[in-house]
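Here's a quick briefing to read with the model open in your viewer. The main topic is salt bridges, with some notes on the overall picture and on confidence.

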Amino acid sequence: MLSRSEKKQFCSTLAGVKFPTGYSSNIKSLVQMKDLKLINLKSHDCHTLMQQLLPVAIRGVLPKEVRNTIIRLCYFFNSICSKIIDPSKLQQLQDEVVVTLCLLEKYFPPAFFDVMVHLTVHLPREIKFCGPVWLRWMYSMERYMKILKGYVRNRHRPEGCIIECYIAEEAVKFCSEYLAKARTIGVPKGIEERIESRSGFKVIPIDYKTLCEVHYYVLQNTTVVDPYMSKNEKWLQAEHKRSFSSWFKRKIETELARPENTISQQIRWLAHEPKREVLSYSGYGIGGYYYNTSDHDSRSTTQNSGVMVEAESLHMSTAKDKNPIYANMLYYGVIEDIWELNYTQFKIPVFRYKWVDNKGRVKVDENGFTLVDLNKEGDPNNQFIFASQAKQVFYVNDPNGGRWSVVLTTKPKLYDRGDLCDNIKETPSFSRGLPESDDIGNEDVAYVREDCE
């Protein structure tokens, strides 16, 4: 199906992808650029390729009709593997996969079709009777089988080795529960401890202008400060960032001077600026995500610096629009610094990030992929967000070339302590919708290639 140049482009795209920590195995190590093929794929690697990476990797190869058909098939598998499925939409999925298989028959040779391809027609019906797919797949069993295989020391007596090691590990875990702050030897650290961790700690001073900017952002986005913002809305529009922090400090000091005041400790310490020395990290875990700075990612095999934040912004149809409206928008960027602001009684983690200009540098193509131009920076005066506001994304260079990158989202890795069953959140789809095929019902369309190897 692919020419040598298309195979090279396809493999180069996969070899250049960096994933967030824990998202997938290192696909780069599975790509052989010399022979232009993938080797040693595990079942979860195939799962990741089919549902997330394949639609992106084929963007620069194959004719449009064939490419859209493969993307439709990937979208179908992504939908049926969702953790939450609306039963009323199963019939729609059934109809879509029937159309997709008909399109595959138009473009692929008869040797491609076997019983496994045909079985996809029955998957929506199986979900209707048996429930979501993720409750019945074998990934958890495969992972546990790997653990049991690691217990084998004598291949002539595998069962005895497994029993002996299992009992020893169970005894160690049981005893460790009665020892405060004990770190068991040989037992891996819990997934929640690895995610909610920090690394690369150091103390750095920041200039006063940057301190005022990040302090103003904290005040502007803290709920307990909202009453002071709303009372001085007109004044705030005129003065903006320049003097609100100092006005807020004087206002709180005046109220604290009264014998009967209701100022909380949080407002009292927020009124004072944070310390000039901030705690800087190269890695920070929060909300089920683990983030790194872009500088750290440039020296790593993973990509944890991509972020997305949903924020309310002012929209105007023209420069003279007298009725602007507020609406939520998605902003994409890359983390430059990870700081913890010290307000004496509490600390607030913030990200300093370089975000992409939304004016023409963020778009959604016909297949529903979100594309961003990471080389076009947005307003440098708005470069801070709370760490809790961020959602992790990662970027894949668009195979079509140019300065664009495809945005793929991840899910937070939240685990209940003592329970290895992850939460109900799922990996979002690679696309915002099912791509339409232009030749459905057109029997005159033929597809023949003579440049394949």
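A residue is called buried when its relative accessible area is under 20%, exposed when that value is over 50%, and partly exposed in between. By that yardstick Asp-373, with a relative accessible area of 1%, is buried. Keep in mind that this is a predicted model.

**The overall picture**
- The protein has 453 residues, and 41% of them count as buried.
- Its secondary structure comes to 15 helices and 15 strands.
- If you take the contacts with a separation of 6 or more, 64% of them are between residues 24 or more positions apart.
- About 26,700 Å² of the protein is exposed, with carbon and sulfur atoms supplying 53% of that area.

**Salt bridges: the buried pair and its network**
- Side chains of opposite charge can pair when their charged atoms come close.
- The count here is seven salt bridges.
- One of them joins the side chains of Asp-398 and Arg-59, at 3.0 Å from N to O.
- Asp-398 sits in the loop between β14 (391-397) and β15 (404-409), while Arg-59 sits in the loop between α2 (43-57) and α3 (64-80), so this pair ties together parts that are 339 residues apart in sequence.
- Buried or exposed, what are Asp-398 and Arg-59? Both of them are buried.

**Salt bridges: two more pairs to look up**
- Glu-126 and Arg-136 form a salt bridge whose closest N and O atoms are 2.6 Å apart.
- Glu-126 belongs to helix α6 (residues 123-130) and Arg-136 to the loop between α6 and α7 (139-150), so the pair ties together parts 10 residues apart in sequence.
- Glu-126 is partly exposed at 35% relative accessibility, and Arg-136 is partly exposed too, at 31%.
- Asp-373, the buried residue from the start, forms a salt bridge with Arg-403, and their closest N and O atoms are 3.3 Å apart.
- That pair links distant parts of the chain, with Asp-373 in strand β12 (residues 370-373) and Arg-403 in the loop between β14 and β15, 30 residues apart.
- Salt bridges with shared partners also join Arg-59, Asp-365 and Asp-398 into one network.

**How far to trust it**
- The average pLDDT of the protein is 81, and 81% of the residues score at least 70.
- Residues 416-424 have a pLDDT below 50, and in the model this stretch makes 13 contacts beyond near neighbours in sequence.
- Where pLDDT is low, the predicted coordinates should not be read in detail.

How values were computed
Residues numbered from 1 in each chain as written. Predicted model: local features only at pLDDT ≥ 70, side-chain atom pairs only at ≥ 80, totals over all residues. Heavy atoms only, no water. Salt bridge = Lys/Arg side-chain N within 4 Å of Asp/Glu carboxyl O. Helix = DSSP H or I, 4+ residues; strand = E, 2+ residues; numbered from the N terminus. Buried < 20%, exposed > 50% of the residue type's maximum accessible area, 1.4 Å probe, protein only. pLDDT = per-residue confidence, 0-100. Contact = heavy atoms within 4.5 Å. Areas by Shrake-Rupley, 256 points an atom, 1.4 Å probe, with all protein chains shown as cover.
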